[in-house]
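I opened the structure to record where confidence falls, how the parts touch and how the strands pair. The entries follow in the order of inspection.

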Amino acid sequence: MSAVTIDNVMKTYGDVVAVDSLTLEINNKEFVVLLGPSGCGKTTTLNMIAGLDVPTSGHIRFDGESVEHLPPEKRDISMVFQSIALYPHKSVYENIAFPLRMARGPKREIDSRVRSAAGLLRIEALLDRKPHQLSGGQRQRVALGRAVVRDPSVFLFDEPLSALDAKLRVDMRVEIKKLHERLGATFVYVTHDQVEALTMADRIAVIDGGRLQQYATPDEIYQRPANLIVAKFVGSPSMNFVPGRLIESAGKWRFAGEGLEVSLPEGLLDDPHRSGRSELILGIRPERAALGGTADGTGWVYATEPVGSDLFVDVTFDGPDTIDPRLFKIRTRPDLRLRSGEQVAVTLPLEHLYFFEPDGRRLWPRDGAA
Amino acid sequence: MAAAGARAVHGRAGLSDSQFALTIVGAVTLFNVVVIILPLIYSAWISLYETNVILRKEHFVGGKHFAKLLADPAVVNAITISLQFTAISVVLSLLIGLGIALVLNEPFPGRGVLRAVVLLPWAVSEVVTATMWIFIVNPTFGGLNGILAPLGIVSPSFDWLSEHAAIYWVAIAFVWHIAPLGAFFFLAALQTVPADLYRAARIDRAGAVARFFHITLPHIKYVVLIVLVVVTVEAFRGFDLMFAFTRGGPGTSTQIFPLLIFRYTFEFSQYGLATAASYLLIGIALILTTTYFIVLTYRRKETLRVKATAPALAPAVAAEGARV
C-alpha cells in the first residue's frame, strides 16, 4: 500500500506543455479519479506515475520516496489499459500468470494466486480460453485479474471502460468500486466520463490544459465547482450559464442577463462594483431552475427532451423564432406537456445560483461559506 | 437483388457479377496453364524418355533417369552442398533480417533514409551481387586482400575461395542479397504489434528479452514462416549467384544441385536426366517448406486465427515450390 505524491510535475513534448506544474497528494488506499477532456494531460500524468513517461521536472513519490527515474518494473504498480492489452497469444491463465512468472515466483504459488484472482473476478471458467474468444466485458475482467494477481500497492487505470458498451460500463463501474473496497489498495483512475468519476471516486482531480483545476470530493466538485471549467465539465446535462452584468437602482442590486433579471439580496455579492467592472456570469444547474413561479425571466420552449424519469426543457430567451438560439435547460416533471414556441416563465432560486468572474473564477458561493 | 444485378450488368459490359468474376479468374488460369502447367507436364514427359540430340531420336525409358540420379554420387554430393548452402543462408538471413528490422523499428535520427537504403542489396541482381563479391574476395585484385595483406593479417594473394571456405563466401554473398527482403517483411510485421502490449509487459516487469520472446516473436511468427519459405526456396534454386560467382568451383565444392542440372542440360544435352533432376529438386523443396509449415503451425488447434492463416499460406508455399 502506498501514498502517491505528485510534486510540481512538468511534462513537455517539444514546445507543447502536456502537464503544467501539477501537484497532487493521493492518500494510501484512496480512490482518486483524474478527470478531464481528451488531451488534457491526465493520461500523461498516469503514465508518469506508472513510469512509462518521465517528468521533464518535478517529483513523483511513493510513500515519500522519489520514483520518477525508476522504470515501471521497479515500481510496485499494476495498470489496466484502455485497449485492454491482453497478450493475444496467451491463454487467460497465462495472461494472468505473466506478471508472476516475470517475477519468477514458485509455480505452485503462481497457480494458487492466479486461481484466487480468477475467483475474485468470476472468470475461473475462462482460464483456458484465448483473449479473442472472449467478449469485451470478459476481456476487461481478465485485464483486471492480471492487475490484481500481483497484489501491488498502486493500481492505475487508463480509461478502462471506454471500449465497453453502456450497459457493461455501468456493471463494471460497480465492480471496480467493490474491488477497491475489497483490496484496500491505492487506485488512480483516468477518465473523461464525469459520471464514472462521480460514482467511483473518493476524490476527483479535474485537469484541463495540463493544469489542476480542482481537487476535491465528488460532492464538493459538483456542489462547489472552483471555476467555470469545472462547472462546465461536471454535471450532465451541463450547468446553464448566462453572461450579464450587475445593475443598481434605488440601492438594490440586480443581475441582468439576456432575457433574465434576478434581484440580489444584500450581501449576496460583497462588492458588486468590483472596481467598476460589472460583467459576470450566472450559473445554475438544470435541476435547480424551475418553470413558472416568480418569473425571473420569460422564455420560449425550443424543444423538449423526455428521458423517462424526467423531462428536460430547452428554453431560449432569444425570441420564439430564432434559428440558432442559446439554450437554457430545465429539468422538470415528466408528465408536463409543452409545445414548441410556447411562452414560459423561468424562476432561478437564489440559493442555487452560482456567479463566476468573466475569467472563470467562482465568485459565489464564496469560498469557506457553507 | 434484381436491382443490384441490373446495376452490375450495366457497369461491366453486360456481364453479371459471377460472369465477370469467372472471366477475370479464367484469364489468369489460362495464363498459368500455358506458362506453368503445360511446361511442367511436358518436362514430366521428357523425363521419362532418353533423347539423342545428334540422331534426333528419343525412346521411352520410364523411371530409369530417376534411378540413375539417386545412385549417382555427383547428385548426392550436389544435393548435400545445396542443403548446406540453404541451411547457412536461411539461418543467417533470418537472424540478420530480424536484427535489421528490430533496429529500424526503433526511433532514431535518419531512420527513414536507412529504411530505404537497407532494401537496396535486394534490388541488386544476383549476378551483380556475385560480381561485386568477386571484387571483394579475389586473391589478386580483391578488396579484402587489398586491406588485410598490407596490415599483415593475411598473406598476399590469400585464397579466400578455397575448397572448404568457398561455400561460406557464396552463402554470405547470398545473405547480403536476400536478408534485406526478410528485414522488409519483419519490419512491416513489427509495426503491427500494438504498443500497449509492450507497455503492459513493462508494467508486468518483463525485460527487453522477455518482451521479445513473449510479445514480438509470437506476433510475427507467421511472417517468420513466410520468410523461411521464401529464403529456403530462393537458396535451394539459387542458380544465378552461384553461376556468376564460382560456377560450382573450386572443384565441385560449390556445385549446388541447380548447377548440376544446368550442366546436364547445356553441357551434356541429357534432357531427360536434367528434367528428372528438376523434379527431384521440386520434391526436396516441397518437403522442406512443408516441414516448416507443419512445425510452425503444430499447435494450431489452439487458436482460430491460426486456422484462418494456415490455409491462406498453403497456396503461397505451393506457389513458391512451383517456381523452382
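I began with residues 1-9 of chain B, where pLDDT (the predictor's confidence in each residue, from 0 to 100) stays under 50. For this stretch I noted six contacts beyond four places in sequence; two residues are in contact if their C-beta atoms, placed from the backbone, lie within 7 Å. I found pLDDT under 50 again over residues 301-324 of chain B, for which the model has 34 contacts beyond four places in sequence. Chain B averages a pLDDT of 82, and 88% of its residues score at least 70.

I recorded the conventions next. This is a predicted model, in which local features need pLDDT of at least 70 and side-chain atom pairs count only at pLDDT 80 or more, while totals for chains, interfaces and linings use all residues. Residues are numbered from 1 along each chain as its sequence is written, and chains are lettered from A and ligands numbered from 1 in the order in which they are written.

I noted the model scores as ipTM 0.83 and pTM 0.78.

I then looked up the contact between the chains, which takes 18 residues from chain A and 17 residues from chain B. On the side of chain A, β6 (77-80) and α2 (92-102) are the elements that give two or more residues. Helices (H or I, at least four residues) and strands (E, at least two) are DSSP runs, numbered from the N terminus.

Within chain B, I read the assignment as domain 1 (1-47) and domain 2 (65-323); such bounds come from an automatic or database domain assignment. Four residues of domain 1 of chain B are in contact with eight residues of domain 2 of chain B.

I turned to the strands of chain A, where two strands pair if DSSP finds at least two bridges between them. Strands β2-β1-β4-β5 of chain A form, in that order, an open sheet of four strands with antiparallel pairing. Its edge strands are β2 and β5 (65-66) of chain A, each of which pairs on one side only.

I counted seven bridges between β1 (residues 4-13) and β2 (residues 16-26) of chain A, with Val9(A) opposite Leu22(A). Their hairpin has two residues between the strands, and Gly14(A) takes a positive phi near 60 degrees there.

On β4 (residues 57-62) of chain A, I found five bridges to β1(A). Ile6(A) has Ile60(A) as its bridge partner, and Met10(A) has Ser57(A).
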